[in-house]
Amino acid sequence: MLSVTDRGSGIPSDELQRIFDRYYRGANQRDSVGGEGIGLAVAREIVTAHGGRIWAASEGPGKGSTFFVALPVVQPEPIDQPLESVDGARSGAEAAHQG
């Protein structure tokens with residue numbers, strides 16, 4: 001899991017779920033912070049496309065926010081063929097046997 005904490009203006013509890021909606025901008029952000037309100041929506045789409053979850057927590061206005069991202073751990077599948085570098089050299093056990 002990854003978390004990022006800021007010391008910004010914070011998020012009112014009634015807005016925490018809405019901040020990930022496309023084009024949503026918090027009431028205390030509309031006039032003071034630039035942007036279109038798509039950044040967190042895009043982040044949510046990317047995280048969910050990878051099977052993860054994103055959420056935020058805040059103690060309220062003036063107390064900053066923490067954003068969390070959790071992604072699943074996927075074990076790589078075994079490779080049947082040895083890897084080759086750009087120059088054609090093989091890696092791994094097979095390279096040790098070709099000498």
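Let me start with the polar contact that the side chain of E15 makes with the side chain of Y24, at 3.4 Å, and I should say at once that this is a predicted model, so every value I quote is computed from it. E15 belongs to the loop between strand 1 and helix 1, and the residue is buried, since its relative accessible area of 9% falls under the 20% cut-off. If we leave aside residues up to four places away in sequence, E15 touches Y24, G26 and A27.

Y24, the partner of E15 in that polar contact, is also a member of the largest nonpolar core, a set of nine residues that contains I11, L16, I19, F20, Y24, V47, I54, A56 and V69. Within that core, I would draw your attention to I19, which, again not counting residues up to four places away in sequence, touches I11, Y24, L40, A56 and F67. Y23, by contrast, is exposed, with a relative accessible area of 56%, and this residue of the loop between strand 1 and helix 1 has a positive phi of about 70° although it is not a glycine.

Let me step back to the overall arrangement. The protein has two helices and three strands, and when we read along the sequence they follow the pattern β-α-β-β-α. Of its 99 residues, 23% count as buried, and the protein exposes about 7,500 Å², of which carbon and sulfur atoms supply 54%. Among contacts with a separation of 6 or more, residues 24 or more positions apart account for 45%.

Some of the pairs I looked at are far apart in sequence, and they bring me to two loops. S9 sits in the loop between strand 1, residues 2–6, and helix 1, residues 39–49, and is partly exposed at a relative accessible area of 33%. The C-alpha atoms of S9 and G62 are 4.6 Å apart in space, while the two residues are 53 residues apart in sequence. G64, for its part, is placed in the loop between strand 2 and strand 3, and at 2% relative accessibility this glycine counts as buried. What does G64 touch, not counting residues up to four places away in sequence? The list consists of D6, R7, G8, S9, G10, I11, S58 and E59, and for one of these, I11, the C-alpha atom is separated from that of G64 by 7.3 Å, with the two positions 53 residues apart along the chain.

Finally, the aromatic residues, where a search of the whole structure finds one aromatic pair. The rings involved are those of W55 and F68, with centres 5.1 Å apart, and because their planes are at 15° the pair is stacked. This pair links distant parts of the chain, since W55 lies in strand 2, residues 53–57, and F68 in strand 3, residues 65–70, with the two 13 residues apart. Are the two partners buried or exposed? F68 is buried, with a relative accessible area of 17%, whereas W55 counts as partly exposed at 23%, so the two fall on either side of the 20% cut-off. W55 has a further neighbour in R53, which lies over the face of W55, at 4.0 Å from the ring centre.

Technical notes: Residues are numbered from 1 along each chain as its sequence is written. This is a predicted model: local features need pLDDT of at least 70, side-chain atom pairs count only at pLDDT 80 or more; totals for chains, interfaces and linings use all residues. Side-chain values use heavy atoms; hydrogens and water are left out. A nonpolar core is a set of buried Ala, Val, Leu, Ile, Met, Phe, Trp, Tyr and Cys residues joined through side-chain atoms within 4.5 Å. Buried means under 20% relative accessible area, exposed over 50%, partly exposed in between (1.4 Å probe, protein chains only). Contact means heavy atoms within 4.5 Å. Helices (H or I, at least four residues) and strands (E, at least two) are DSSP runs, numbered from the N terminus. Accessible areas come from the Shrake-Rupley method with a 1.4 Å probe; for residues, only the protein chains shown count as cover. Rings of Phe, Tyr and Trp (its six-membered ring) pair if their centres lie within 6.5 Å; planes under 30 degrees apart count as stacked, over 60 as edge-to-face and the rest as tilted. A charge sits over a ring if NZ of Lys or CZ of Arg is within 6 Å of the ring centre and within 35 degrees of the ring normal. A polar contact is a pair of N or O atoms within 3.5 Å; within protein, one must be able to donate a hydrogen and the other to accept it, and residues adjacent in sequence count only if both atoms are side-chain atoms.
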